[in-house]
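Biologist: Could you take me through the aromatic rings of this model and what sits against them?

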Amino acid sequence: MKKLIALLLVVAMCVGLTACGNPSSTASTDSSSETSDSSTSESSTEESSAAEEGETVDPVNGWAEYDALIDEIRACTDTAKRAELMHQAEDMLMETGALMPIYFYTDNYLQKEYLSNVYTTPFGYKYFMFANLDNGSDTLRICLASEPDKLDPALNSTVDGACLAINAFAGLMTYNEEGQQVNDLAESVEMSEDGLTYTVTLKDDLKWSNGDPLDANDFVYSWNRAANPMTASDYGYMFAPIKGYAEMTEMDDDGNLVNTDATLDVTASEDGKTLTINLEYPCAYFKDLLAFPTYFPVHQASVEAADPDGTNPGAWALEAGFVSNGAYTLTGWEHNSSMTYEKNPYYHRADEVTIEKQEFMLSSDENAIFTAYNAGNLDFADSIPVAEIAGVQDTPDYHLIDTLGTYYVSFNVTSDLFADMTADEANTFRRALGLFVDREYICTNIGQAGQVPADSFIPAGCLDGNGSEFKNTSYYSADPADYDANVEEGIAMLESIGYKFDENGMLSAETPISFEYIVNTPGSNVTIAEALQQDFAVVGIEMTITEQEWNVFLNERKAGNYDICRNGWLMDYNDAFNMLEMWTTDSGNNDCQFGRYEGWDG
């Protein structure tokens, strides 16, 4: 029966994804849920999405429909209806085939027994500022990743960069050891009865690392800077719930800002003690945003001194010595080698920081990191070579935690690979490739850390904003027992758009398929790429692998300079919307280039 269900699911993919069915049937509708006004309900009912109706989703020239759906979800106050709309959005994404989920993330790392009070969140953030060392040292030695791409919290879009931002900056709220939201720079955070106004009272005597006073005006400046399209923050859209954001980001047909004087509706009291935030609509996860690095304050004088004409927003944080406000300040940076952080005496919780110095090894070489850890040169290592996992899993140094996120492959929908295809053919092509992947093999033999094969983009455990788990469907079977049936169906899908196969299921030389896959190097990402290469080769598809350094890879992927590439997303807050809003046309995280037709100028 399971195999039959899997085959039916795959057939449904061939004619247009409608796997979501009736998502509202699984959503909670308790009496505490707010109800949308009648006009919202009517428009939602009348304007169903292309994915919901089984029509072709055009991810290049027809993506305005997705953008409009995301706007509707943002404004929807009926939580059950909102969950239904989010399922429609995931249906649209999966219909394009541009996202090929591989597995749902877990996180494993090595930590010495004498190191304690390091804690993590399901979003991949690691907190070292209140750690303790029982080995007599005053220096914590860490390896998170290689050279960070951005240290300006408004410009960072990586998990390792977020960990560094948390180390050096502090926001209004944060997470404690239990993963609960707690006040940080805020003394109190009060929400109005209608959920549209937040009043934040800041703690007394807050200071920057150079001793300058820090108050509510710093947040007004920092948030407007991060939300301004000229800053080019990948996460600028995170300010969309705040009133004024729509006006700030409105552009004319030539790609020019319409309202250059528009600002967020965020104000500081005369004494700088209170921050008042007015929202466009109630936002259930707004406190999560107050703990998110893009919402951290930056030192205005430093930013403007390094970039007086506004052409290089991140210039102030390219070298050690910049002003911050967190537990540690960056005092030394040997690019591509090491970073040194020292305790910030002006940090408002400095009396709780017991470690004087942190030294970060910058490397992506998992074998070198593992060697350094075993030699006693590291106290914490955030990566483990695949070949070594089995040998350390039963040791007290090994830690495995659950996270919320998905490892996936992304397709550039504007790639020349699809130039001669209709939108329907390109969608079919991409979905077919996803059926050739042996996800169980990748999880068991490469991941080796409890990863679960992914059959959807949004992971298990993610909430729908209505008190229920969001995931209630599979877009294909990830059961290894159905792998052969998936391959057969993938071949049938390619045949339906003109590709030819011989009697052995091998692609004919008459209709070859070849493409380049880019991946950051070295490590398990390359090993996974090689597994994908082998899976595609089984049916005669040729995939070449191009390895790139982390910084190069990030920027090439963001610019759309690729056909197919490695990708992954750890959620920023536990609401399915976080993994949906990133794919709007003008989002800085839209690596698939959805909606970016030839001549598009965002």
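Biologist: The charged end of Lys112 sits over which ring?
Modeller: In this predicted model, a lysine counts as sitting over a ring if its NZ is within 6 Å of the ring centre and within 35 degrees of the ring normal. The charged end of Lys112 lies 4.0 Å from the centre of the ring in question, which belongs to Tyr373.

Biologist: And over which ring does the charged end of Arg430 sit?
Modeller: For an arginine the atom considered is CZ, with the limit of 6 Å from the ring centre. The charged end of Arg430 is placed 4.6 Å from the centre of its ring, that of Phe418.

Biologist: What kind of aromatic pair do Phe128 and Phe380 form?
Modeller: Phe128 belongs to the loop between strands S4 and S5, while Phe380 belongs to strand S16, 252 residues apart, and both residues are buried. Their ring centres are 5.0 Å apart with 85° between the planes, and since angles over 60 degrees fall in that class, the pair is edge-to-face.

Biologist: Why is the pair of Phe429 and Tyr499 classed as it is?
Modeller: Phe429 is in helix H13 and Tyr499 in the loop between helix H15 and strand S19, 70 residues apart, and both are buried. The ring centres are 5.9 Å apart and the planes stand at 45°, so the pair is tilted.

Biologist: Which residues form one aromatic cluster?
Modeller: By the rule of ring centres within 6.5 Å, the model has 34 aromatic pairs. One cluster is made up of Trp63, Tyr66, Tyr408, Phe457, Trp583 and Phe594.

Definitions and conventions. Residues numbered from 1 in each chain as written. Predicted model: local features only at pLDDT ≥ 70, side-chain atom pairs only at ≥ 80, totals over all residues. Heavy atoms only, no water. Phe/Tyr/Trp six-rings, centres within 6.5 Å; stacked < 30°, edge-to-face > 60°. Helix = DSSP H or I, 4+ residues; strand = E, 2+ residues; numbered from the N terminus. Buried < 20%, exposed > 50% of the residue type's maximum accessible area, 1.4 Å probe, protein only.
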